[in-house]
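Thanks for asking me to look this one over. Could you keep the viewer open while you read my notes?

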Amino acid sequence: MDRCHLYIPLLDSSGATYPFAEVTLLDSETGTPIETPVYLEPIGGAPQTWPILIDPAVVNLWLDAPARVTLQALLPGGATFTRPGVDISPAPAVTVRSQKELHIGSAEGLNGDALLAVSPDGSAVWQVLDVLKDHRHEGDAPASTSLGLADPQDVFPGQTWLGSAISGTQGPHATALGVQAHPNGEDATSIGRAATAGEFGLAVGAASNSVASAVALGAGSTATKTDQVALGRDASGTAGPNGAVAVGAGTVAEATTSVKTKAVHLLTDGSVVLGNGLMPDLSWVGAPSVVVLGNAVVPRFFSSRHDSVLAGPSSTFGAYGGAGTYQPMLSTNGLSSSAPDRAALLSLTSALDKLGVIYLLDDAIDDELVDWTKTFAHNANLVLETGDGDGSKAGDLNRAKRNAAGPGTVTYYAATGLRDFRSLVFAWQLSGPDPAALATELVADVSADNVHWVRIPLAWRSMEATAASWYQTWVANKRPLPAGMNYLRLTIDQNASAFTPQIGRVVVRPAAPLGTSTLTPTMLTNPDRMQVSDPSGVLAMLTVGSRTVAMRGPMRTFTENKRPFIDAFTRTVTDGFGASPGGGTWSQSGSASLYSVNGSVGQISCDVANSSRHATIIDALTDVDVTTKVTIATAPTGATSSIGLSFNYKDTNNANRARLLVTTAGVVQLALETEVDGMVTTLGAATQVGSGFTAGEWWRIRAQRVGSTVRCRAWKDGTTEPTTWLHSVADTSNSTGRVGYRALASSGSTGLPRQFKVDNLQVVSGSWASSPIVTHNTWVRVLPQPFDGMWNTALASQLLTWASDTTPDVLAYAMMYTTGAPAVIDAGLGGIQVAGQASYGPLSASGTPIEGADFHDYLGVNWTFPNGETRTASENELHCLDCSGFVRMVYGYRMGIPMVFGQNMDGTAIPRQTKNIGLSGPGIIIAQEESAAPSLAALQIGDVPHFDADTTDPVAGQFDHNGIYIGVDTAGHPRFVNSRKTPHGPTFGDLGGASTLDGTGTYATSLRLIRRF
């Protein structure tokens, strides 16, 4: 954005510029010098420090961002000059200095300079330099202002004159805007060429005419009797009585008219009806001041809403004004496109909205807080509450409140920027209404990027009592919101009682959306692409031959943590424990022949006394909650034997463990130990937890690390788990590592080898030391057809629609199948699960997930493809997705790109197998190499990388794995999400291989092709 410009000459009483001045810009709120950098040039230059000496005294400064400041200047002779409320805005594109003086104030007013600001689209507007805000003149006309070619006559106090040839009897506080405007009397307002208004009257529009206390809006409109209202071009109340209302172009009031529209004249008791069609039965409403616009309106909300407004043919307009609201709220979204006089009605509602008569809800986020779907985000301390049994919430049945003391926040997003907002608030105040306290308990902030926030002042309505010491009120932004803001955050805090205040409804109106003319397409090469920009920067990137579009949208963060898992040891493995579903591959110390899995349990054999045997799963965890079941197959003889549950294990000499000891007398004990560089420290001494141990008797152990606290407990299998920890101490010696077992037959043991058995190792939860985090504002959308390189209005409109669309995109759908994703049930498809954490596939006898699960297997639905191929869902693969099945689920089933199974692989549909997707899938190939990783220079979020990662594949160079690129992580690595055998489903973590496209990992070195669908 161009720098914002401040230009103010400092003039003495003779109109001459002071020779010099020392200038400081102060923050309007704090009164301290602003911290925003200030420059002497529009481009480049060094930031200045306060005060700035200017010579001559013409303030000519530039800032990086708009600001409202107080200008303070030290003038020659020690005099000071202070002007509050100075707005610094972006400099005009072109300036043309005028050749004539411009008069500001009365006939004796001060001279000033003016310039013509010309915008890039050719429109122009006069801007006045050195505008004296709230300037007051001495004499007969205090607080008057005139701006025009000729001096006005008979200037009264408080008058505002903008235009030439202004006449009329005028009067105090009268306003005239336009050539030949005629305000006749006190507080008369005439806007438009030859507009005439009587005392306390309003005339808007060329040749409009209103008498005292009457209103005429529209060119040629006339309201010639007291309190009449004429709305619309040539609308006239002349023939009607005092107070008559005529609405619509050319509508003429009649002698008996109370209200008349262009087509229909209906009279009702205490109600006003505007529009065509029959009057609906409103006898049950019982609400005064009902305004109906349209045909066959169906009212709603009247039981709790008053001063209501409805409109629309055969449907509710959906607008109402509740008690305490600023204006009646109105939406035209329900108005049929074929409604009579639809254009006029829309024009009228738009005009009434601009005049502040109504509050138009079209395109607004109108959130009654039934759920969180209309919000962008909320923190965990803000929850939803339903019901209003005591009437204290005035019939509002859905609200947001805090769950506990402390801040509760809710955030809304508007892609085109924020226009304004308002919110219904309920507060419990036992000692009576306290608006000042409430104003500290609910605050609002706005942001352009969801990172840097600006607190905004709020305007509150009077608090209205409901019941049980509760009050309701409305709050809104007090001043226009800063430009370029897309996020609104409401925060409830300060009150120690978490149940108050509560938010009943939030209405957020977006700024007017950008027109397609604001978009600028630019063609790029390698590959052929079209970059589409708007005033805020790059909006979209389209690729010729591809359907995927990278769009700018709200900032998002994707992260993943350890997937909880259970190893039930149901596989059969000799020489080790093999692969654990979801946990990775086991590693052992000593000979692998000492470890085995027999189809139901894991077995560890200690053949030498005082020699530890370790079996662990490779995964670096910090905080962890792990539990297991263990036993000793033969009773210890000669000395104690022990089996420990290891956690934060680094190697055989560095680990923590909860150690279950069994003595030769059959006493069962539990100790908590840490070992650092081979030195064992007892954190919790061996404490008896049982006796009378018999060979093969199963015991359970649970261990946790939470921050710097380590703790453990043990209990006999089949009994209730204790609720307290036997040992719980602070320890930071081993903060990161694997989980597993340590078996030991102590020195002096006889009857070796001693066999230990383990089962049901469960990582209930665990945190990786370095979780992958990807943050950016790119959303990936899919066109109906591949992009042909042509720019047109339909495409521009689609991009503008996507710019404000926060429905799931490619990345959002991909995350719906990763670790911890909740199950999503589609009632329309018979209640099947369509999303939620997926596994890779059913387990083989060795415990390894089996490849083969496609998207329809996850769904459990038999499938017929567009080319006629059919596939039957496998019951064993329900909720499973292999690598290509995951890609097909996201891009095919979710985003709508056609799919085939094994035929008609012509580049328009997604085939079943990875090897065919890479070579014959939809879209274009972005990069490819035969025997090395290709360049990532053209890589774009949403691309599909393909790998030759399986070294056992008999076909060298064949693609055997793929995924979806999701962006650069916080460590600077390009990361992709993919479904694989470890950790048994979709992941973008590093267990079983780093999910990054750079470096020396398996996938970075086996990358061979990148396709853009």
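The points below go through salt bridges, a pocket, a surface patch, backbone features and some contacts.

1. Please keep in mind that this is a predicted model. The values below come from its coordinates, with local features taken only where pLDDT is at least 70.

2. Let's begin with the salt bridges, of which the structure holds 34. One of them pairs Asp 366 with Arg 505, with 2.8 Å between the closest N and O atoms. This pair links distant parts of the chain, 139 residues apart: Asp 366 belongs to strand β30 and Arg 505 to strand β42 (residues 502-510). Asp 366 is buried, at a relative accessible area of 17%, and Arg 505 counts as buried at 0%.

3. Arg 505 deserves a second look, as its side chain also meets that of Glu 368 in a salt bridge (3.7 Å, N to O). Glu 368 sits in the loop between β30 and β31 while Arg 505 is in strand β42, so this pair ties together parts 137 residues apart in sequence. Is Glu 368 buried or partly exposed? With 21% relative accessibility, Glu 368 counts as partly exposed, because the cut-off for buried is under 20%.

4. Another salt bridge joins Asp 854 and Arg 912, whose closest N and O atoms are 3.5 Å apart. Asp 854 is in the loop between β65 (832-835) and α5, and Arg 912 is in the loop between α6 and α7, so the pair ties together parts 58 residues apart in sequence. Both Asp 854 and Arg 912 are buried. If you like networks, have a look at Asp 625, Arg 702, Arg 713 and Glu 721, which are linked by salt bridges.

5. Now to the second largest pocket, which holds about 860 Å³ of space. Which residues lie nearest its centre? They are Tyr 840, Glu 851, Asp 950, Asp 960 and Lys 981, out of 40 lining residues. The lining has eight nonpolar, 19 polar and 13 charged residues. Elements that each supply at least two residues of this lining include β49 (579-580), α6 (883-894) and β72 (974-980).

6. On the surface, Leu 162, Leu 177 and Ile 191 make a nonpolar patch of about 180 Å². Ile 191 is part of strand β16 (residues 189-191) and counts as partly exposed, at 32% relative accessibility.

7. A few backbone details are worth checking by eye. Most residues other than glycine have a negative phi, and most peptide bonds are trans. Asp 55 and Pro 56 are joined by a cis peptide bond with omega of about 5°, and Pro 56 is found in the loop between β4 (52-54) and β5 (58-63). Thr 982 and Pro 983 are also joined by a cis peptide bond, here with omega of about 15°; Pro 983 is in the loop between β72 and β73 (985-987).

8. Leu 369 is not a glycine, yet has a positive phi of about 60°. Leu 369 lies in the loop between β30 (365-367) and β31 (377-378) and is buried, with a relative accessible area of 2%. Asp 575 likewise has a positive phi of about 60°, but counts as exposed at 53% relative accessibility.

9. Lastly, two contacts to find. Tyr 412 in strand β34 (residues 408-413) is buried, at 0% relative accessible area. Its C-alpha is 8.7 Å from that of Leu 490, with the two positions 78 residues apart in sequence numbering. Leu 330 of strand β28 is buried too, at 1%, and the C-alpha atoms of Leu 330 and Leu 361 are separated by 5.6 Å.

How values were computed
Residues numbered from 1 in each chain as written. Predicted model: local features only at pLDDT ≥ 70, side-chain atom pairs only at ≥ 80, totals over all residues. Heavy atoms only, no water. Patch = residues over 30% accessible without salt bridge, like charges linked within 9 Å, V, L, I, M, F, W, Y side chains within 5 Å. Areas by Shrake-Rupley, 256 points an atom, 1.4 Å probe, with all protein chains shown as cover. Salt bridge = Lys/Arg side-chain N within 4 Å of Asp/Glu carboxyl O. Helix = DSSP H or I, 4+ residues; strand = E, 2+ residues; numbered from the N terminus. Buried < 20%, exposed > 50% of the residue type's maximum accessible area, 1.4 Å probe, protein only. 1 Å grid on protein atoms, 1.4 Å probe; cavity = no way out; pocket = protein on both sides within 12 Å on 5 of 7 lines; lining within 4 Å. Points joined across faces, edges and corners; volume = space filled by probe spheres on them. Nonpolar A, V, L, I, M, F, W, Y, C, P; charged D, E, K, R; others polar.
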